[in-house]
Amino acid sequence: MIPIDVIEKTAGTLMDKAAIEIPDDYLTGLQHAAETEDGDLSSFVLQAMLENYKAAKEDRRAMCGDTGCPRWYVKMGNETQIEGGPVALESALRRATAQATDGVPLRPNRVHPLWRTDHNNNVGIGAPEIEYGYEPGGEWIDLITVHKGGLFGTDYRMLFPSDGIEGIKRFYLDSLVAFGKRGLACQPAIIGIGLGGSKDTCMVLGKRAACLRVVGSENPDPKIAALEREFKDLGNSIGMGAMGFVGKNMVVDCNIEVGYCHTGGMQMSVHAFCLSSRRAVARVYADGRVEYRTDPDWFTPYQRRETVEWPGSAQEAAE
Amino acid sequence: MTKPREIRLSTTPTPEALAELRLGDIVYLDGLLYTAREGVYKRALEEQANIPMELPGESAANFHCSPAAAIRSDGSFDMGAVTATASFRFAKWLPEWMEKTGARLIIGKGGMSSKDYKEYFVPNGAIYLSTVGYGTGALLGRGIEKVEAVHWRDELGLAQAMWVIRCKKMGPFIVASDLDGNCLFERENAKIVQNLDRVYEGTRPATLKRYGETDDRSDEVIG
């Protein structure tokens, strides 16, 4: 059984890390972008961002004043039990979110959509979001926090099979240019694309592709991986850079995730994670051990399975 | 590649100092600035509440910002990072605000349109400074000497309250409009749009249109 006090303490540390420490994979990607950038203003912006990451770590202050909308992705092994059960888990994550908002401090971004009520702690109706995933084996829990910005850089469109790859490219470019102008998307960013599913799951896939896959990762389908590379290059050929200034870096990496959809449709979503790609991950074990990392490793073969049975489970059942 | 000019500027700048600034200059600020966005604008302009500062005497610098900050139990302020929020959403209130408060520096994210600049920035002798990134929250946080006050925090909450910040070499900011109303972002967009037809080659418009959709790639989107 996973001790609940370790979960809460770890969640607090993750909130802090996500807000302050730029993940290594993204930092490496941005350093590469800074080396290749030749636009005067875009280049200045990227250098300033690299200095900013350093300042944030040195001072232990948030990288960006807009600390985004904290949310949680939780994954568990099939044998995992949590002390106090799922309600205790959700309470612990809500407490950690509220405490870190005051402690780091973070910006209390979350308000009621109509009454604009602000609890000053990033907690409220449906906030923070907590989403779940499961894996076949083991007794462990992965706590992943993502603090994505909440206003610009994301869009959805219902495309159809007749739109083809040409239509997908069009909507991709439309999204990058529309939100890239004046730098509203805070590019260069990790771009996540969701293809298929339903409208809601398509959005979820794209967001997870942006926030839960690291720079340099590839979709296991080689043809989709080739599209990811092509789309990264396409985005960087627009001629737009940081803040919408003339430049050659819009996309630090492009990640595509797919889900089976209606036979008549081809849903598409585009999500831009920002220059402060805030994510932090830890695995907690039943003996109280905690391992921190920055790769959520969300999209495992199990998460992308296509078949009715999971081969591992079928084999266990047969034995 | 040329390196942009770096300039120190007061938050109560003289007209001469503003006239010196060119699009793309990098600015660092000294003096008092205050945050004001939709919450403050609504309260001051629509509800006619008395603005709790002497403007522009104390400050002529309006920052479109909500800080990542907390108020400690002893009443002191802990301000970590500060970055701007997108300004175009405040065009509705800005003309009246600038007239009422004499703001000369509007600081935010993404700028306004050249139409906004020409219509009410130029007559008010004001320019727009954009934050960099976005956002260099930690670097800007280092430029805060002191939080002087937080007005209307009970009425508006921490994110929308009017934070009064004493800053010392706070920056970097980029000059995004000048006293003639020229717009840095539109200048850049005009260069980028020349390349877009080539980039869009090999794509096709969606089978199902969106009502009101445009294919005008020079569309500034905001405003």
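**Exercise 1. Describe the sheet of chain A that has the strand order 2-1-3-8-9, and find its edges.**

Step 1. Start with the layout. In this predicted model, chain A holds an open sheet of 5 strands, ordered 2-1-3-8-9, and the pairing is mixed.

Step 2. Find the edges. Strand 2 (130–135) and strand 9 (290–293) of chain A each have a single partner strand, so one side of each has no neighbour in the sheet.

Step 3. Add the twist. On average, neighbouring strands of this sheet are turned by 20 degrees against each other, direction ignored.

Step 4. Look at one pair. Strand 1 (residues 69–77) of chain A runs parallel to strand 2 of chain A, with 6 bridges. Trp72(A) stands opposite Ile130(A) of strand 2.

Step 5. See what covers the sheet. Helix 1 (residues 4–20) of chain A packs on it and touches strand 1, strand 3 (140–148), strand 8 (279–285) and strand 9 of chain A. The direction of helix 1 makes about 30 degrees with that of strand 3 of chain A.

**Exercise 2. Work out how helix 2 and helix 3 of chain A are oriented to each other, and what lies between them.**

Step 1. Take the geometry. Helix 2 (residues 24–36) and helix 3 (residues 40–59) of chain A pack at about 150 degrees, and their axes are 9 Å apart.

Step 2. Apply the cut-off. Angles over 145 degrees count as roughly antiparallel. Helix 2 and helix 3 of chain A are therefore roughly antiparallel.

Step 3. Add the hand. Helix 2 of chain A passes helix 3 of chain A in a left-handed crossing.

Step 4. List the contact. Helix 2 of chain A brings Leu27(A), Leu30(A), Gln31(A), Ala33(A) and Ala34(A). Helix 3 of chain A meets them with Leu46(A), Gln47(A), Met49(A), Leu50(A) and Tyr53(A).

Step 5. Sort by class. This contact has 8 nonpolar, 2 polar and no charged residues.

**Exercise 3. Do the same for helix 2 and helix 6 of chain B.**

Step 1. Helix 2 (residues 38–46) and helix 6 (residues 153–160) of chain B pack at about 155 degrees, with axes 9 Å apart.

Step 2. These two helices of chain B are therefore roughly antiparallel.

Step 3. Gly39(B), Val40(B) and Arg43(B) of helix 2 contact Glu155(B), Leu156(B) and Gln160(B) of helix 6. The classes are 2 nonpolar, 2 polar and 2 charged.

**Exercise 4. Characterise the side of chain A that touches chain B.**

Step 1. The contact takes 57 residues from chain A and 52 residues from chain B.

Step 2. Helix 3, strand 4 (154–159) and helix 5 (164–180) of chain A each give two or more residues to this side. Helix 3 of chain A has the largest share, 12 residues.

Step 3. By class, the side of chain A has 29 nonpolar, 12 polar and 16 charged residues.

Note on methods: Residues numbered from 1 in each chain as written. Chains lettered and ligands numbered in written order. Predicted model: local features only at pLDDT ≥ 70, side-chain atom pairs only at ≥ 80, totals over all residues. Axes fitted to C-alpha atoms, helices over the stretch in contact; angles between N-to-C directions. Helix = DSSP H or I, 4+ residues; strand = E, 2+ residues; numbered from the N terminus. Parallel < 35°, antiparallel > 145°, perpendicular 65-115°, else oblique. Left-handed = near helix turned anticlockwise from the far one by under 90°. Contact = placed C-beta atoms within 7 Å. Nonpolar A, V, L, I, M, F, W, Y, C, P; charged D, E, K, R; others polar. Pairing = 2+ DSSP bridges.
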